[in-house]
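Open the model in your viewer and keep the sequence panel in sight. This tour goes stop by stop, with something to select at each one.

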Amino acid sequence: MNVVTRIAPSPTGDPHVGTAYVGLFNYAFAKRHGGRFVFRLEDTDRERYDAQSEARLLAMFDWLGITPDEGPETGGPNGPYRQSERLDTYTQHVETLLASGDAYRAFETAEELDAMRHEQKQRGLPQGYDGRGRDVPRDEQDRRAAAGEPHAIRLRTPDEGETAFLDVLRGEIRIPNSEIKDPILVKSDGYPTYHFANVVDDHAMEVTHVMRAEEWVTSTPIHVLLYRAFGWEEPRFIHLPLLRNPDENKTKISKRKLDTSVDSYRKQGILPEALLNFLATMGYSLPDGREIFTLDDLIATFDPERISLGGPVFDLRKLRHVNARYLREELPLEEIADRIEPLLREAGYAWDDEDFLLDVVDVLRPRAETLTEIVDQAGYFFLADDVYPFDDEARKKVAAGQQALEDLERSFSMLDFFDEDAVDDLLDEYVRSREIKKPAVLMPLRAALTGTTNAPSVTDLVVILGRQRVLRRIGRALSEITSALPDDKPTPEEEQQAAAEAAAKKAEEERRAAAAAAGRAAQAAARAAAGEEPSES
RNA sequence: GGCCCCUUCGACUAGCGGUUAGGUCACAACCCUUUCAAGGUUGCGGCACGAGUUCGAAUCUCGUAGGGGUCACCA
């Protein structure tokens, strides 16, 4: 089967998860059948046009690994792929409709149409263009147009009967023609509307399957009427369920109620593989029931018939779960390390050798659901031994285990091999010789090394940090508590030291905040400019 | 409101006339354990309702209800 599908977003605002969703299915279907996937920019709305958007849209698909076979930057046999560059084509095609009488020039002003709608509403009449301009004689239309009077061009739709089309998933859908008002084909600014450009271009670009969101169902008869007017073969229509907000009624996904920006998810540390996988499970399932699968797995078996029609709720918890699976199971450690490296650098962290980074990521990734969560937890590994922060709980543990820490400081300094087995043996031996409970030793040590009580296994911490840093940290932790115990009156020296530490900590925090601010600022600026509309397809 | 579409656990879904209605997330308990996670085991929880077709309906038909979408010189 020769298959051509397309994604046809409009360049407005932030690249939308809905665009990624529809693009994914179109891509999978085309690839499944060895066909072509076209990217077409629907930039016919000059009001909302955003010059940044095209590049961001392409960057989004690039990040996701969905590569168009044809598009504005790739090129292709049926370009150009920006509608704003195809105006001649539309003009040419609308002429044939004008000539055949399927279209006519309509001269109502925006004000007049507003008044019409207002009256319809007041009198409880059906909403929509009432066809008042369709019977203006042809020669008058031509004369007024030639005189430069502004006007739109409308399609003449039948008044009676109904228009039917086949939706691959829903079967035949019939819409009464009375519901189809004469839609505008070409706006008074000379640009085509979606309905017109979409049909002309899908035909010109040899699109065989129009896979788009369900919100287009009711306007499909307009497109069908156009195909017929031109005498063109209709593509197959596949309307995908609409992604929904997690609100009570499951309304159509919107950025007011949910984060719909793909960039935003990327910045939150969501992996492209995970986002794709998650999106694919919105309305789709693999025949063998696997829920974690790659884009290639999807392509290998993709069958539109398996798409379910209930509107799937975009559930952030599930997305994060899928992401966590990729983080700790699906992708190799080196891959995760590569992806997290720039984030750590952005946070102002540095390290000497790659093995250290690998070790850190290895112990942290089962404890995080996103890349940024790893970064957030990684502070004590990268901050200097005298500045990583202590929380109250950690101070208490250190205080309670003061004796053990002093003992261990000595033991670690004399330990020959600083590997996992040696450290384990040392700790076990210490616990046994003192006849105390393991946690009574391990918790203070953990707290001392990290400044917190939630952290990886003590053995891992000790081995990763290494002897020198472990000793420094134990020493620092012991001095930390003397100033923090509520019952201890701090000496002037201790107060001085505490102040110095606080200053150091503050400086460190400011350094990190500054590093992170740049990224956040860019994100905020980009999002501020966004419009709401999800793209077509 | 007119028109169109949809309806299996709280969420995502499997199911396409005969199943104790299965899986995943979430939630709960237990196990493991060195805290936090991860991991393991178990549990909780569903065919919107009503007719009909059939020996037999989650599966087919109709109706009702509920939800969504759409009615622009936006896509």
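## Stop one: a strand pair

Select Ala103 and look across to S4, where the bridge partner of Ala103 is Leu155. Keep in mind that this is a predicted model. Now extend the selection to both strands, S3 (residues 103–106) and S4 (residues 152–155). They pair in the antiparallel sense, over 4 bridges.

Show the side chains of S3. Ala103 and Arg105 point one way, Tyr104 and Ala106 the other. Are these residues buried or exposed? All of them are buried.

## Stop two: the whole chain

Zoom out to chain A. Colour by secondary structure and you have 21 helices and 9 strands. The chain has 537 residues, and buried residues make up 50% of them. Turn on the surface next: chain A exposes about 25,100 Å². Carbon and sulfur atoms supply 48% of that area. Contacts also reach along the sequence: among those between residues at least 6 apart, 75% join residues at least 24 apart.

## Stop three: Asp385

Select Asp385. You are in the loop between helix H15 (379–382) and helix H16 (392–400). Asp385 has a relative accessible area of 7%, so it counts as buried, the cut-off being under 20%.

Which side chains make polar contacts with the side chain of Asp385? One is that of Arg469, at 3.1 Å. Another is that of Arg473, at 2.7 Å. Now list the contacts of Asp385, leaving aside neighbours within four places in sequence: they are Arg469, Arg472, Arg473 and Arg476.

## Stop four: RNA strand B

Select RNA strand B and show the residues around it. There are 65, and Lys187, Gly283, Pro366, Arg446 and Ala455 come nearest. Of the strand's atoms that come within 4 Å of the protein, sugar and phosphate account for 70%.

Colour this surface by residue class. You get 20 nonpolar, 18 polar and 27 charged residues.

Then pick out single atom pairs:

- Lys318: a polar side-chain atom lies 3.1 Å from a base oxygen of RNA strand B.
- Ser457: a backbone N or O atom lies 3.2 Å from a base oxygen of the strand.
- Asn454: a side-chain N or O atom is 3.5 Å from a sugar or linking oxygen of the strand.

Finish with the elements that give two or more residues to this surface: helix H4 (110–122), strand S6 (171–176), helix H11 (316–330), helix H19 (438–450) and helix H20 (458–482). Which one gives the most? Select H11, which gives 5 residues.

Terms used: Residues numbered from 1 in each chain as written. Chains lettered and ligands numbered in written order. Predicted model: local features only at pLDDT ≥ 70, side-chain atom pairs only at ≥ 80, totals over all residues. Heavy atoms only, no water. Buried < 20%, exposed > 50% of the residue type's maximum accessible area, 1.4 Å probe, protein only. Polar contact = N/O pair within 3.5 Å; in protein donor to acceptor, adjacent residues only side chain to side chain. Contact = heavy atoms within 4.5 Å. Areas by Shrake-Rupley, 256 points an atom, 1.4 Å probe, with all protein chains shown as cover. Pairing = 2+ DSSP bridges. Near = heavy atom within 4 Å. Nonpolar A, V, L, I, M, F, W, Y, C, P; charged D, E, K, R; others polar.
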